[in-house]
Amino acid sequence: MTSKKNIKIIKDSEFGLDSRYKSKKEYQTEAAALMEARLKRMKNLSKDQIIRAKLMQLKLNMEEFIKQPIYDNRNYFSEFLESYVDTIYSKRSLFAKDIDITPTKLSQVINNHREPRDEFILRLMIHSEKVYENICDFHKKTWYQVYFHEKICDTMSSQEEWRPKIERHVKFSESIEK
Amino acid sequence: MIIVETSTGIEHRVKISLVDSVDYKALSKERYFFDWKEEQNFEVYKLCIVGSSEILGLISLERIPSEWRVHIRLLTVSFEMQGKKKIYDNIAGNLIAHSAKIAVADYAELACVSLRPKTEIAKHYIDKYNMISKGLTLSIEVPEILNLINQFDHD
């Protein structure tokens, strides 16, 4: 039976939780004990649990990437694809076989020597749908969003390179009043 | 992520984002329990219903990369969201799940979210969020941390 005291505790337990360590010593002692216990538990993680965690990490990182503009030289689509394939498969050629492409084509996409064609992304989309089915929500559009978000960011950040050449081909024969 | 209106069961989509410097002026101790200005050097997130600027809950986090851990420093729902009269449910759960997402995004299978509640409220976090205790610290790790994310994250 729940006592009146317990009811009060449960009622207030999410209003004002102070979880800060009171001293450096307390933090160090608690952190050491926690780490020791965690390392023991980590040893018991199954291969399947590790794969699930890595795939959840990949999904979260992809979702984070498409939320905001990123202007750097990294090849995000290729990196995410590499992570996806290497998490699930012992050999990349097995994934290539599963989505019916040649290992060479897959390697070229992963190494950013070839643009993924529509068909490639569609097959990847269907593959991911199945893989994520029992792990977490995974939107079908995620791979496309990553691909096009990267394209947009790259285009916007490299205007100095392409704009002078492209601008020469753009004219305004009808004037637009301001 | 969603919260549930307790009286009707209606679900509302929420957004969890970093607290802006201007927000701190509105974060009174009466309504949000702590002096949140003291946390400005840490990652402080607010939870609002999408389309509203009213802050319903707050969480302050510290990332500890050397331990693959995200530690919850402070957590609160707003004054109106506590106890039997609370208007919405799942505010704290969404904020804890948000911490779990950060931990898994950074550390994958090594991810851990920890907190250190007073002994008398530890049971609440163990029962409701499936945390486990070691000393005074409670933690949630793989695989339970993935279940927690799945329980709250449906964006």
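**View 1. F33(B), a loop residue of chain B, in this predicted model.** F33(B) sits in the loop that links helix 1 (29–32) to strand 3 (43–49) of chain B. Is F33(B) buried or exposed? F33(B) counts as buried because 22 C-beta neighbours fall inside 10 Å, and the cut-off for that label is 20 or more. Setting aside residues up to four places away in sequence, F33(B) touches F15(A) and G16(A) from chain A, plus T76(B) from its own chain. For a sense of scale, the C-alpha atoms of F33(B) and K118(B) are separated by 16 Å, with the two positions 85 residues apart along the chain.

**View 2. The side of chain B that touches chain A.** Here 40 residues of chain B are in contact with 35 residues of chain A. Which elements of chain B each supply at least two residues to this side? They are strand 5 (69–77), helix 2, strand 7 (112–115), helix 3 (119–129), strand 9 (137–141) and helix 4. Strand 5 of chain B gives the most, with six residues. By residue type, this side of chain B splits into 21 nonpolar, 10 polar and nine charged. If you care about confidence here, the model scores ipTM 0.93 and pTM 0.91, and chain B averages a pLDDT of 94, with 100% of the residues at 70 or above.

**View 3. A strand pairing across the two chains.** Strand 1 (residues 17–18) of chain A lines up with strand 5 of chain B in the antiparallel sense, over two bridges. To find the spot, look for D18(A), which stands opposite L74(B) in strand 5 of chain B.

**View 4. Strand 5 of chain B and its hairpin partner, strand 4 of chain B.** Nine of the nine residues of strand 5 of chain B are buried, so the rest of the structure largely encloses this strand. Strand 4 (residues 57–64) of chain B runs antiparallel to strand 5 of chain B, and eight bridges join the two. One pair to pick out is R63(B), which stands opposite V70(B) in strand 5 of chain B. The hairpin has four residues between its strands, and W68(B) takes a positive phi near 50° in it.

**View 5. Strand 7 of chain B, between two pairings.** Strand 7 of chain B runs parallel to strand 5 of chain B, joined by three bridges. Two residue pairs show the register: R69(B) has C112(B) as its bridge partner in strand 7 of chain B, and H71(B) stands opposite S114(B). Strand 7 of chain B also pairs with strand 9 of chain B, this time in the antiparallel sense and over four bridges. C112(B) turns up again here, with E141(B) as its bridge partner in strand 9 of chain B. Which way do the side chains go? C112(B) and S114(B) point one way from strand 7 of chain B, V113(B) and L115(B) point the other way, and all are buried.

**View 6. Helix 2 of chain B and the largest nonpolar core.** Helix 2 of chain B has 17 residues and reaches 25 Å from first C-alpha to last, close to the 24 Å expected at 1.5 Å a residue. Helix 2 of chain B is mostly covered, with 13 of its 17 residues buried. Just after the helix comes A108(B), with a positive phi near 50°. The largest nonpolar core has 68 residues, and those with the most contacts inside it are A100(B), V104(B) and I145(B). Helix 2 of chain B provides the largest share of this core, nine residues. Zoom in on I145(B): beyond its neighbours within four places in sequence, I145(B) is in contact with A100(B), A103(B), V104(B), A111(B), V113(B) and I140(B).

**View 7. Helix 3 of chain A and what packs against it.** Helix 3 (residues 47–65) of chain A has 19 residues and reaches 27 Å from its first C-alpha to its last, close to the 27 Å expected at 1.5 Å a residue. Its buried residues include R52(A), L55(A), M56(A), K59(A), M62(A) and F65(A). What do the buried residues of helix 3 of chain A pack against? Within chain A, they meet helix 4 (76–88), helix 7 (118–132) and helix 8 (142–157). From chain B, helix 2 (91–107) and helix 4 (144–152) join in.

Note on methods
Residues are numbered from 1 along each chain as its sequence is written. Chains are lettered from A and ligands numbered from 1 in the order in which they are written. This is a predicted model: local features need pLDDT of at least 70, side-chain atom pairs count only at pLDDT 80 or more; totals for chains, interfaces and linings use all residues. The expected span of a helix is 1.5 Å times one less than its number of residues. A residue is buried if 20 or more other C-beta atoms lie within 10 Å of its own, exposed if 12 or fewer, and partly exposed in between; C-beta atoms are placed from the backbone. Two residues are in contact if their C-beta atoms, placed from the backbone, lie within 7 Å. Ala, Val, Leu, Ile, Met, Phe, Trp, Tyr, Cys and Pro count as nonpolar, Asp, Glu, Lys and Arg as charged, and the others, Gly among them, as polar. Two strands pair if DSSP finds at least two bridges between them. pLDDT is the predictor's confidence in each residue, from 0 to 100. A nonpolar core is a set of buried Ala, Val, Leu, Ile, Met, Phe, Trp, Tyr and Cys residues joined through C-beta atoms within 7 Å.
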